[in-house]
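These are my notebook entries on one structure. I set out to look up the ligand site, the surface, the salt bridges and the backbone.

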Amino acid sequence: MSEIKFYYGENVPLEMHKVRVVQKLDLVPVNRRLEAITEAGNNTFLLKNRDVYLDMLTDSGVNAMSDKQMAAMMEADDSYAGSETFTRLENKLQQIFNMKYFLPTHQGRACEHILAKVYVEPGSIVPMNYHFTTTKAHITLCGGTVEEIFIDEALKVKSTDPFKGDIDIHKLNALIEKHGAANIAFVRIEAGTNLIGGQPVSLKNMQEVRKICDTYGIMLVYDASLLADNLYFNKEREDQCKDMSIREITRSIADLCDIIYFSARKLGCVRGGGICTNRNDVYMKLRELIPLYEGFLTYGGMSVREMEALTVGLEETMDENMINQGPIFIAYMVSELQKRGVPVVTPAGGLGCHIDAMQFLSHIPQSEYPAGALASALYIISGIRGMERGTLSEQRSSDGSETYAHMELLRLALPRRVFTLSQVKFAIDRISWLYENREIVRGLNFIEEPKILRFFFGKLKPIGEWQTMLVAKFKQDFGNSL
Ligand SMILES: *Cc1c(COP(=O)(O)O)cnc(C)c1O
């Protein structure tokens, strides 16, 4: 059964927008794709966009903007100080989060840099539901330690838990008792937990965490980058939110937090970021670093045009018909892949569809990067660019040994309102074909391995001749079709 509101027929997602600006795409032939991935060292970050058909690398900065956002960009006020554009954005954030103060930054990680500089010192502990790459890097750089206190269900690929992003309350209590409240810099909750498959956090869990923070006098910091998806799941999956508007759920979340920060590359569908708080002491401390690292207090490194579009984008995020677009397409993709036996992370989350490479390519050991091999293979047979989120994305230990990731995932991001249903169906079709031919795929080895952030720049080669064998099988089955 499907609800008429977002779906029709057999759970086919329904777009509540129409396309008014388009960008031409190419699907280059399979021979060129093999050449391109070889040139890119089997690293999808190094592919040129001209060789990519569907870019499912990320949702960052590539969500579709609305006509109203585009129009607003023309009205932006360029003045260095006291810009009207800033005032409009500040007012919108005050209205949505009910927080007095807003500090603009150039993107999400810039907020993390500033928060870590002010609140994290050597020996500090920062408990959180799960880390994000840039969050952890900034906290570690300041001498702090990230403690992940996710619930046991969080790392299970196959699950029915509606809120896998929740914090384990017992682990949080135990952690504070062990280290002492004074050594906890703050507790961080990440909306739509990115690295475990875009999994949401319940409002109930946040209320429980708030109580503990109150008991010990610890700040609660909320990473709202993936708030839009999280809000949709609060409304769909949580009893206490069923009869609340998106605006009311947002306010209920915000009322629990000391600080909210976000990447506007995700939230609001533009490019930028910011920090909000109601606390004057917090504002005064953080404010000093904004002109130093970002820009003057009324732009913080953002373009005023993006800020103007963000004001509109934030208002649009309060519309259920807008924020459902990512999740319902992802749910469709996940359920269709499941029907075909492809191992995917469940329940479907936000951000994208996550394929479990550990199971998909169970014959490839983690030391040969199954998720990286899967990303490479999928590109060759479809022109689809995904992102490895597994051991390749980790860093080696100081003794040179590998740090094996909790999960080996291939993330196929669905940037909001960007792809059509037939493109999603094409992806499902090719992934299913690859699954049937998975035995051909083998692992990868490094040929160039940078010491830090190796997943961005590193180059690898296939172990053996599997890629030419894959192309041969592809041609046998698809003939001259791309
Ligand atoms: C993307 C992201 C960030 C970092 O934001 P940038 O704008 O890319 O710097 C931080 N936290 C989460 C949860 C994110 O998804």
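The entries below follow that order.

**Conventions**

I worked from a predicted model, in which local features need pLDDT of at least 70 and side-chain atom pairs count only at pLDDT 80 or more, while totals for chains, interfaces and linings use all residues. Residues are numbered from 1 along each chain as its sequence is written, and side-chain values use heavy atoms, with hydrogens and water left out.

**Entry 1: the ligand site**

I first asked which residues surround the ligand most closely. The shell holds 13 residues, of which Q107, R109, D223, S263 and K266 are the closest. I took a residue as near the ligand if one of its heavy atoms lies within 4 Å of it.

I then sorted the shell by residue class and found six charged, six polar and one nonpolar residue. In this sorting, Asp, Glu, Lys and Arg are charged; Ala, Val, Leu, Ile, Met, Phe, Trp, Tyr, Cys and Pro are nonpolar; the others, Gly among them, are polar.

Next I asked which helix gives the most to the shell. It is α4, spanning residues 108–119, with three residues. Helices here are DSSP runs of H or I with at least four residues, strands are runs of E with at least two, and both are numbered from the N terminus.

I looked up individual polar contacts, meaning pairs of N or O atoms within 3.5 Å; within protein, one atom must be able to donate a hydrogen and the other to accept it, and residues adjacent in sequence count only if both atoms are side-chain atoms. A ligand nitrogen lies 2.6 Å from a side-chain N or O atom of D223. A ligand oxygen is 2.7 Å from a polar side-chain atom of K266. At G108 the partner is a polar backbone atom, 2.9 Å from an oxygen of the ligand. On its own the ligand has 380 Å² of accessible area, and the protein covers 98% of this. Accessible areas come from the Shrake-Rupley method with a 1.4 Å probe; for residues, only the protein chains shown count as cover.

**Entry 2: a nonpolar surface patch**

I noted a nonpolar surface patch made of I452, L453 and F457, with about 310 Å² of accessible area together. Patch members have over 30% relative accessible area and no salt bridge; nonpolar side chains (Val, Leu, Ile, Met, Phe, Trp, Tyr) are joined within 5 Å, like charges within 9 Å. I452 sits in the loop between β15 (444–448) and α18 (454–457). Is I452 buried or exposed? I recorded I452 as exposed because its relative accessibility is 57%. The classes are buried under 20% relative accessible area, exposed over 50%, and partly exposed in between (1.4 Å probe, protein chains only).

**Entry 3: salt bridges**

I counted as a salt bridge any side-chain nitrogen of Lys or Arg within 4 Å of a carboxyl oxygen of Asp or Glu. The structure holds 31 of them.

E308 pairs with R88, their closest N and O atoms being 2.8 Å apart. This pair links distant parts of the chain, 220 residues apart: E308 belongs to helix α12 (residues 304–317) and R88 to helix α3 (residues 84–97). E308 is buried at 3% relative accessible area, whereas R88 is partly exposed at 33%.

E153 and K156 form another salt bridge, at 3.0 Å from N to O. K156 is partly exposed, with 41% relative accessibility.

I also followed a network of salt bridges that links R210, D214, D258, R279 and D281. Within it, R279 and D281 approach to 2.8 Å between their closest N and O atoms. R279 is partly exposed at 29%, and D281 is partly exposed at 43%. The side chains of D258 and R279 are joined by a polar contact of 3.1 Å. D258 lies in the loop between α9 (246–254) and β9 (259–263) and is buried, at 10% relative accessible area.

**Entry 4: backbone geometry**

I searched for exceptions, since most residues other than glycine have a negative phi and most peptide bonds are trans.

Which peptide bond is cis? I recorded the one from T346 to P347, with omega near -5°. P347 lies in the loop between α14 (325–339) and β11 (352–356).

N11 has a positive phi of about 55°. N11 is in the loop between β1 (7–8) and β2 (12–13) and is partly exposed at 34%.

N42 likewise has a positive phi, near 55°. N42 is in the loop between α1 (30–39) and β3 (54–55) and counts as buried, with 4% relative accessibility.
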